[in-house]
Amino acid sequence: MPWRRARRKVERPVDVSRSIEESLEEAAEGEEEEDLVELAELDGATIAEAATGEPDPDREPSDLAIKLQNALDAPHREPPRRGLESEAPHRGRLPQSAASVRETTRVKAAAPSESAHAAALPETGVDLEVEAARGLRLKNPVLTASGTFGQGVEYAELIDVSRLGAIVNKGTTPAARPGNPQYRIAETPSGILNSIGLENPGATEVARKYAKAWADLGVSVIVNVAGYSVDDYVYVVHELEGTPAVVAYELNISCPNVKGGMLFGCDPGLAAEVTRAVKAETDLPVIVKLTPNAPDVVAVARACEEAGADGLTAINTVLGMRIDTKRRRPILGTGSGGLSGPAIRPIAVHITYQVAQAVAIPIIGAGGVTNTDDALEFLMAGASAVQVGTATFADPLAPIKVIEGLAAYVGGHGLASIRDVIGVALPPTPEPDD
Ligand SMILES: Cc1cc2nc3c(=O)[nH]c(=O)nc-3n(C[C@H](O)[C@H](O)[C@H](O)COP(=O)(O)O)c2cc1C
């Protein structure tokens with residue numbers, strides 16, 4: 001409902017020859033017309049648009065509409081690629097099949113208008129390709145984090161979403177959820193606390209509403225799956241199967257398990273159970289998102305790998321709280337919430353570093369990535385890709401700037417590819433005993 005100005009009082013002459021109903025109807029008609037004029041003034045719409053709620057095909061498009069149309073028409077967009085068959089996870093080197101992917105990309109990029117546009121991009125010609133999860137090869141290692149980028153389409157008005165390695169959509173549950181009571185966001189030093197509460201339209205509606213938009217945007221989509229039982233996770237994946245742009249699933253296991261009230265992600269057994277069930281439902285790569293609130297996050301990571309996970313995201317938000325000292329109450333409607341932003345980056349890098357030494361599957365780093373150097377920290381700690389989350393609230397261009405920065409780093413350091421920095425800060429792997 002748009003903001004409404006207080007109604008102007010209009011004196012209407014009383015016609016005693018008419019019934020009360022007739023007079024009221026006439027007055028209501030007059031008010032309807034005024035309403036339409038007010039709405040049109042407020043929204044910059046024509047009267048016809050205000051009346052029907054539909055865009056007027058003859059009207060000149062607004063500046064924003066022109067920008068959005070240009071973004072949607074951008075010629076260099078590549079159709080999203082599904083993961084390609086690859087056996088080994090990699091730290092540093094891509095398996096052989098990567099060469100054929102690059103070959104295909106080159107052939108695709110050969111159309112004159114495409115190559116003209118792509119040539120203008122700072123990342124063009126720089127090898128930023130990574131395997132973000134087993135079987136999920138992305139053109140660059142920069143993703144957006146779930147819950148901080150809507151469904152992607154909202155940001156298409158501001159940035160060229162197709163330049164991203166992939167987007168991760170808002171946590172999707174089987175049924176629609178209205179989310180938590182207010183307040184849901186509180187600022188903290190170098191971060192924010194949130195308790196959004198998985199507000200989303202439900203799996204069926206997400207698939208119905210965004211399938212075409214995602215395909216049109218030309219970006220790979222990783223669906224963030226949430227639930228309160230193993231069946232919930234399986235249901236969401238079932239509903240999203242076959243959606244063209246969807247290339248993988250990321251399981252948000254930071255939800256309480258209804259039976260025991262324990263977070264799925266806190267218990268290696270529960271985390272493995274949900275991973276196994278989802279793996280049985282889909283052929284797409286399954287990435288499990290680790291919670292830093294687990295007593296032993298490395299044990300959870302190992303359990304997920306053993307259960308068949310194709311990758312891990314490290315990390316989700318860190319539990320935290322702020323108190324409103326005037327009201328003497330917690331600020332967030334739910335009391336506690338999830339801390340994100342630069343404040344949690346050292347925790348996230350530490351967990352990435354520990355998990356990278358414990359598992360062989362690729363890791364996607366998340367937590368406070370704001371610029372290129374932050375992304376490099378994660379990559380050097382063993383992550384194969386990064387997600388940019390909270391930073392996009394302050395600067396929607398942040399993920400694009402990180403892509404450009406990584407391209408400049410590869411070029412500036414004479415590297416063959418960004419993969420050459422993955423895991424370089426990890427301790428040397430001990431030689432196996434002879
Ligand atoms: C407002 C908000 C909503 C979020 N919603 C989700 C979600 O639905 N599912 C999920 O797995 N993570 C969610 N997250 C966590 C982020 O995806 C990310 O893991 C975390 O914020 C750390 O990254 P950052 O510091 O770059 O934001 C949310 C974070 C924020 C700030």
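## Close-up views of a predicted model

**View 1. A bridge links strands E8 and E9.** Glu 250 has Ile 287 as its bridge partner in E9. This view, like the others, comes from a predicted model. Strand E8 covers residues 246-252, and strand E9 covers residues 286-290. The two strands run parallel and are joined by four bridges. Helix H9, residues 297-306, packs on the sheet. H9 touches both E9 and strand E10 (311-314). The direction of H9 makes about 170° with that of E9.

**View 2. Strand E8 sits inside the structure.** How many of the seven residues of E8 are buried? Seven of the seven are, so E8 is largely enclosed by the rest of the structure. Strand E7 (residues 221-225) also pairs with E8. These two strands run parallel, with five bridges between them. One pair of bridge partners is Val 221 and, in E8, Val 246.

**View 3. Eight strands form an open sheet.** Read across the sheet, the order is E3-E16-E15-E10-E9-E8-E7-E4. The pairing is parallel. Which strands lie at the edges? They are strand E3 (142-144) and strand E4 (167-168), and each pairs on one side only.

**View 4. Strand E15 has buried residues pointing both ways.** E15 spans residues 363-366. Ile 363 and Gly 365 point one way, while Ile 364 and Ala 366 point the other way. All four residues named here are buried. In a regular strand, side chains alternate between the two faces of the sheet. E15 is joined to E10 by three bridges, and these strands run parallel. Ile 363 in E15 is the bridge partner of Leu 312. Three bridges also join E15 to strand E16 (residues 385-388), again in parallel. There, Ala 366 has Gln 387 of E16 as its bridge partner.

**View 5. Leu 312 belongs to the largest nonpolar core.** This core has 104 residues. Tyr 249, Leu 312 and Val 386 have the most contacts inside it. Helix H13 (residues 398-412) gives the most to this core, with seven residues. Which residues does Leu 312 contact, leaving aside its neighbours within four places in sequence? Among them are Ile 287, Val 288 and Leu 290. Ala 301 and Cys 304 are also in contact with Leu 312. So are Val 355, Val 359, Ile 361 and Ile 363. In soluble globular proteins, nonpolar side chains tend to be buried together.

**View 6. Helix H9 has buried residues that pack against its surroundings.** Which residues of H9 are buried? They are Val 297, Val 300, Ala 301, Ala 303, Cys 304 and Glu 305. An α-helix has 3.6 residues a turn, so residues three or four places apart point the same way. The buried residues of H9 pack against two helices, H8 (268-281) and H10 (345-358). They also pack against strands E9 and E10. After H9 comes Gly 308, with a positive phi near 110°.

**View 7. Phe 264 lies in a loop.** The loop runs between E8 and H8. Is Phe 264 buried or exposed? Phe 264 counts as buried because it has 30 C-beta neighbours inside 10 Å. The cut-off for buried is 20 or more. Phe 264 and Ile 253 are 11 residues apart along the chain. Their C-alpha atoms are separated by 5.1 Å.

**View 8. Four strands form an open antiparallel sheet.** The strand order is E5-E6-E14-E11. Strand E5 (185-188) and strand E11 (318-321) are the edge strands, each pairing on one side only. From one strand to the next, the twist averages 40°. E5 pairs with strand E6 (residues 191-194) over four bridges, in the antiparallel sense. Thr 188 has Gly 191 of E6 as its bridge partner.

**View 9. A shell of residues surrounds the ligand.** How many residues surround the ligand? The count is 26. The closest are Gly 147, Gly 171, Asn 252, Ser 340 and Gly 389. By class, the shell has nine nonpolar, 15 polar and two charged residues.

**View 10. The whole chain gives the setting.** The chain has 13 helices and 16 strands. Of its 434 residues, 42% are buried. Among contacts with a separation of 6 or more, 71% join residues 24 or more positions apart.

Terms used: Residues are numbered from 1 along each chain as its sequence is written. This is a predicted model: local features need pLDDT of at least 70, side-chain atom pairs count only at pLDDT 80 or more; totals for chains, interfaces and linings use all residues. A residue is near a molecule or strand if its C-beta atom, placed from the backbone, lies within 6 Å of it. Ala, Val, Leu, Ile, Met, Phe, Trp, Tyr, Cys and Pro count as nonpolar, Asp, Glu, Lys and Arg as charged, and the others, Gly among them, as polar. A nonpolar core is a set of buried Ala, Val, Leu, Ile, Met, Phe, Trp, Tyr and Cys residues joined through C-beta atoms within 7 Å. A residue is buried if 20 or more other C-beta atoms lie within 10 Å of its own, exposed if 12 or fewer, and partly exposed in between; C-beta atoms are placed from the backbone. Two residues are in contact if their C-beta atoms, placed from the backbone, lie within 7 Å. Two strands pair if DSSP finds at least two bridges between them. Axes are lines fitted to C-alpha atoms, for helices over the stretch in contact, and angles run from 0 to 180 degrees between N-to-C directions.
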